[in-house]
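User: Please choose a single part of this model and take a close look at it with me, going slowly, since I am new to reading structures.

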Amino acid sequence: MSTLRILQPGPQTSVQDLGRRGFQAFGVPVCGALDPVALRLANALVGNAATDAALELRLAGPHFVVEDGSARIALAGASARIEVIADGETRAYPSWRAIDVPEGATVRIGALTQSGCAILAVAGGMDVPAVMGSRATDLKGRFGGVAGRALISGDMIPVSNADPSGPCLDLPHPPTLAFAGTLRVVLGPQAEAFTEAARATFLTAAYRVSREADRMGMRLDGPPLGFVTSADIVSDGIATGSIQVPGSGLPILLLADHQTIGGYAKIATVISADLPAAGRLLPGAELRFAAVSVAEAEAARRAQEQAVARLVASLAPVREGARIDTDALWRANLISGVVSAYETE
Amino acid sequence: MIAVAAWGQMQREDGQAGTSGDGSTRRLGQLARFLPVGDTAFAVEFGSVIAPDINALVHRTAALLALAPPAGLIETVPTFRSLLVHYDPLVTSAEALQATLAALDLGETAGAAPARLWHLPVLYGGEAGPDLEEVARATGLSVPEVIAQHSGTTYRVYVQGFLPGFAYLGDLPAALDLPRLSVPRVRVPAGSVAIAQRMTGVYPLESPGGWRLIGNTPVRFFDPTLTPPTLFAPGDGVRFVPVDATEHERVRVAVDAGVFIPHHETLAGESA
């Protein structure tokens, strides 16, 4: 068992896993990683189960000290410079590979590039109590994770027992993170609450992620959408990815921490295969929506699962020379891979 | 109650389907329609309005699916008039799961009878209910009349959601029907008893909120360490009991000490 002692928490670092299922009927949101593919790849890189809890980083990473033992860590979902400082010597590593950190070493993770969020997994997983079957932090409900909140300086986060045997693994061809500009959606469940012109606008206009964006959802700037009568419906259920439109006519794309039910009409839902890309978007990003059928969306998700499985199967030991020539590895990481978990067509 | 029929009622009036009281089945496919919600969920919509019989069908369906979950079903979210079905597209498909659900026999009873009638102590007005006097002005009632109307009604737990443990309680007396605040509060204290349109409810956690605050109860509605984590279950009855500041404080201390058990009685045989 080792412990991460947080020196600097980063803008919003929280414990997340694949989410809290089975309690939405009680008003409890799912939460979980904004980019669940990154979570699974980070966990795979350190030998964890896909369901293990890790740290989700937003915009920039934390600085922490590894205590009470060593730790094997891996960052996935964004590029960032990872510095490991031990015995007065600083070594830099890229994301998408496991790194062995000796006891007492300090780890500094810098600004994320190519994405607004990333996952830092530690072999064994974050050993915080499971609440309703999940270790995910519910920031609004204030439970799960570490005291139901984002990390703060001084937090001591226990890591479960793990004895990573064998060499550190590397993902030879990381998925490309560049946003293709389009999120695929299934229209509904209240598409008919919008005027025909509004539905056409929604599928042709460019929208921009506003500054009002967090784990619950992102407000989009662009042409407002008109209603046949009004934005209000008798509240019904919300799925992650649903796009609700309040009276302002400006869409809100709902993400992992979304409320379980809501009273605004929903014009469409982003398909699950595109949710990781949606979760990575930063304020200012431009996007468009393209409609697909439910069957096409299900097929896209199955294809994505196969791509993730291929990525996990491709993990290979880090080549010994690479640790010495970290600059080369750093540059290599900035080049998009040929296999993408995020693009399925 | 607003006189708009449920989908099933409309169909029953057309003689297409429905219960006849002679033991014939009521298939879900004849009472509801399916609406697409991406590739991991779909809505089963029984109607478009808030009504106890429509809500009872929703909870009936949720209960039947919980007893025998079809392959690939993850969880369901009952709302006033629809059931959101979350599924795993790697295990099943919307088409396959909807076919299974359409054949579901909802049986003769629309829904489970309310199991419990809860009595919740409420301190009305003052700091505990900063909108009480405004509610009285806007409705043309006196403050005691507002309290009498609000506490003189047995409410139904229609739905839980919005916040963990937040229960939508209906139906609020028509005399108290006011719109939500035009500018929502940034901070509503936990325990605030609030009204909006034809609903009342209690904020289980401090949160932003646009409902009008008329009182406060010390009772806790959500505890993530308990199973289930919420005090109420769908179909429960709720009555608010006016108390003075001394009693409110006494209950608050007991709640904080973990020794307060909210008073409730069992309701038997009452149809939802």
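Analyst: Two strands count as paired if DSSP finds at least two bridges between them, and strands (E, at least two residues) and helices (H or I, at least four) are DSSP runs numbered from the N terminus. The model is predicted, with local features needing pLDDT of at least 70, side-chain atom pairs pLDDT 80 or more, and totals for chains, interfaces and linings using all residues, while side-chain values use heavy atoms, without hydrogens or water. Residues are numbered from 1 along each chain as its sequence is written, and chains are lettered from A and ligands numbered from 1 in the order in which they are written.

The part to look at is a closed barrel in chain A, whose 7 strands follow one another in the order E13-E20-E17-E18-E15-E14-E21, with mixed pairing. Going from one strand to the next, the twist averages 40 degrees (an angle from 0 to 180 degrees between N-to-C directions, with axes fitted to C-alpha atoms, for helices over the stretch in contact).

A good place to start is E21(A), which stands at the end of that order as written. With E14(A), strand E21(A) pairs in the antiparallel sense over 2 bridges, and here Tyr207(A) has Leu287(A) of E21(A) as its bridge partner. With E13(A), by contrast, E21(A) runs parallel, and 4 bridges join the two; in this pairing Thr182(A) is matched with Arg288(A) of E21(A).

Elsewhere in the barrel, strand E15 of chain A, covering residues 217–221, is joined by 3 bridges to strand E18 of chain A, covering residues 252–254, and these two run antiparallel. Within that pairing, the bridge partner that Arg219(A) finds in E18(A) is Ile252(A). Helix H2 of chain A, made of residues 196–204, packs on the sheet, where contact means heavy atoms within 4.5 Å. This helix touches five strands of chain A, namely E13 (182–187), E14 (207–213), E17 (242–244), E20 (266–270) and E21 (286–291). Relative to E21(A), the direction of helix H2 makes an angle of about 120 degrees.

To place this barrel in the wider model, remember that chain A also meets chain B, with 44 residues of chain A in contact with 43 residues of chain B.
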